[in-house]
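Work through these exercises with the sequence and the structure side by side. Try each task before you read its solution.

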Amino acid sequence: MTITPEVYSVLQSIVGADYVSNDPAICEGYRSGPGGYESGLGYERVMTKIPGCVIMPKTTEEVQKIVKVCNRYKLPYVPYSTGFYGPRSHPHVEDALIVDLKRMTDFEIDERHLYAYVGSGIIYSQLQEEAMRKGCYVVIGGGGAQASVVANLIGDGWSPLSHRIGLPHRRILGTEMVTPDGDIVRMG
């Protein structure tokens, strides 16, 4: 489905005009990605498509509204958080919506209980810097310090230390997520 002016207007009403774009140059930039294994030259270039639109929500509730709009208009969408590995973070169909989570930057370290609350837009270098200020550290996963903490932990967050400290997804104590149906689920 093409992102019609009607759908575009609805998306704008959710996040504001500054945080949604169907500009071809911006959409092409998302296909090429910010780097990663192939920097948009190999598999990414052949197997992924240029998105029809990009939207940047700030809250879980905005993500929920976006998912519900996508369901209503049968619009394919892909959540995107730093885009380190293109084949997993780029659409494989024409005119899909990329839901870029970089504005979801809620972040807090609980020093007493030694856990961090991070939004999908927080990258490892931000988490490591703040942890070190508090006398702690985090293990930076295989994606590197520029990768989203959340995306890396639920995806391929392996590191050379995984054999000593356990698998990355086991470090998640709780989560708040939007299901494909548009429901918000909170666990942990």
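**Exercise 1. Find what share of the contacts with a separation of 6 or more joins residues 24 or more positions apart.**

Solution. Start with the term: a contact means heavy atoms within 4.5 Å. Now take the contacts in the protein with a separation of 6 or more; residues 24 or more positions apart account for 53% of them.

Before going on, note that this is a predicted model, where local features need pLDDT of at least 70, side-chain atom pairs count only at pLDDT 80 or more, and totals for chains, interfaces and linings use all residues. Residues are numbered from 1 along each chain as its sequence is written, and side-chain values use heavy atoms, with hydrogens and water left out.

**Exercise 2. State how many helices and strands there are, and what percentage of the residues is buried.**

Solution. Helices (H or I, at least four residues) and strands (E, at least two) are DSSP runs, numbered from the N terminus. The protein has eight helices and eight strands. Next, burial: buried means under 20% relative accessible area, exposed over 50%, and partly exposed in between (1.4 Å probe, protein chains only). Of the 188 residues, 41% are buried.

**Exercise 3. Give the strand order of the four-stranded open sheet, then explain what is special about β1 and β3.**

Solution. Two strands pair if DSSP finds at least two bridges between them. The order is β1-β2-β4-β3, with mixed pairing. β1 (20–21) and β3 (77–80) are at the edges; each has a single partner strand, so one side of each lacks a neighbour in the sheet.

Now look at β4. β2 and β4 run parallel, joined by three bridges. β3 also pairs with β4 in the parallel sense, over four bridges. Leu97 in β4 stands opposite Cys53. Tyr77 stands opposite Leu97 as well. Pro79 has Val99 of β4 as its bridge partner. Finally, check the faces: Leu97 and Val99 on one side, and Ile98 and Asp100 on the other, are all buried.

**Exercise 4. Identify the elements that give two or more residues to the largest nonpolar core.**

Solution. A nonpolar core is a set of buried Ala, Val, Leu, Ile, Met, Phe, Trp, Tyr and Cys residues joined through side-chain atoms within 4.5 Å. The largest one has 20 residues; Val7, Leu11, Val20, Cys53, Ile55, Ile66 and Leu97 touch the most other members. Two or more residues come from each of α1 (5–15), β2 (53–55), α4 (60–72) and β4 (97–100).

Take Ile66 as a case. Leaving out residues up to four places away in sequence, Ile66 touches Leu11, Ile14, Val15, Ile55, Pro57, Leu97 and Val99. Another core, of nine residues, lies apart; among them are Ile109, Ile122, Tyr124 and Leu127.

**Exercise 5. Explain why the buried residues of α6 line one face of the helix.**

Solution. List them: in α6 (residues 124–133), Tyr124, Leu127, Gln128 and Ala131 are buried. Seen down the axis, they fall within an arc of 95°, so they line one face. The arc is that of the directions from the helix axis to the C-beta atoms. Their cover includes β5 (107–110), β6 (115–118) and α7 (149–154). After α6 comes Gly135, with a positive phi near 75°.

**Exercise 6. Explain why Cys53 and Cys27 form no bond.**

Solution. A disulfide is a pair of cysteine sulfur atoms within 2.5 Å. The closest cysteine sulfur to that of Cys53 is in Cys27, at 6.1 Å, so it is too far for a bond. The structure has zero disulfides.
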